[in-house]
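Work through the exercises below with the coordinates open. Each task is followed by a stepwise solution.

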Amino acid sequence: MPRKRGSVLDVGCGNAKTPGAVGIDFNPATAADLTHDLNHYPWPLDSDQFDQIVARHIVEHILDPIRLMEEIHRLGKPGAVVQIVTPH
């Protein structure tokens, strides 16, 4: 999937945050710019903010994957590219 230019959110970034992205993660000992429990909604970010959202190996740690998808939809600008990778 080609990457779009613009603002990027890396959900559950850990220490492998996408270069140039805003990282959000539960663990304060990571490369995250914002520490937040991803199972609590809404996340402290403005709606329609990101051109690209990446979520690598985080879905399996989320209690409600449907609510996660709703939050990703809220945060992405119209036409945003979303990349989700899971081990399942």
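The exercises cover an aromatic pair and a set of strands in this predicted model.

**Exercise 1.** Classify the geometry of the ring pair formed by Tyr41 and Trp43.

Solution.
1. The count comes to one aromatic pair, and Tyr41 and Trp43 form that pair.
2. The ring centres of Tyr41 and Trp43 are 5.9 Å apart; the cut-off for a pair is within 6.5 Å.
3. The planes of Tyr41 and Trp43 make an angle of 25 degrees. Planes under 30 degrees apart count as stacked, so the Tyr41 and Trp43 pair is stacked.

**Exercise 2.** Assign Tyr41 and Trp43 to an exposure class.

Solution.
1. The class limits are under 20% for buried and over 50% for exposed, with partly exposed in between.
2. Tyr41 has a relative accessible area of 22%, so Tyr41 is partly exposed.
3. Trp43 has a relative accessible area of 1%, so Trp43 is buried.

**Exercise 3.** Find the strands that pair with E4 and state the sense of each pairing.

Solution.
1. Strand E1 (residues 8–11) pairs with E4 in the parallel sense, over four bridges. Within this pairing, Val8 has Gln52 of E4 as its bridge partner.
2. Strand E5 (residues 76–85) and E4 also pair in the parallel sense, here over six bridges. Phe50 stands opposite Gly76 of E5.
3. Helix H1 (residues 65–75) joins E4 and E5 in a β-α-β unit, and this unit is right-handed.

**Exercise 4.** Explain why strand E4 (residues 50–56) is described as largely enclosed.

Solution.
1. Strand E4 has seven residues, and six of the seven are buried.
2. E4 is therefore largely enclosed by the rest of the structure.

Key: Residues are numbered from 1 along each chain as its sequence is written. This is a predicted model: local features need pLDDT of at least 70, side-chain atom pairs count only at pLDDT 80 or more; totals for chains, interfaces and linings use all residues. Side-chain values use heavy atoms; hydrogens and water are left out. Rings of Phe, Tyr and Trp (its six-membered ring) pair if their centres lie within 6.5 Å; planes under 30 degrees apart count as stacked, over 60 as edge-to-face and the rest as tilted. Buried means under 20% relative accessible area, exposed over 50%, partly exposed in between (1.4 Å probe, protein chains only). Helices (H or I, at least four residues) and strands (E, at least two) are DSSP runs, numbered from the N terminus. Two strands pair if DSSP finds at least two bridges between them. A crossover is right-handed if, with the strands pointing away from the viewer, the path from the first strand over the helix to the second runs clockwise.
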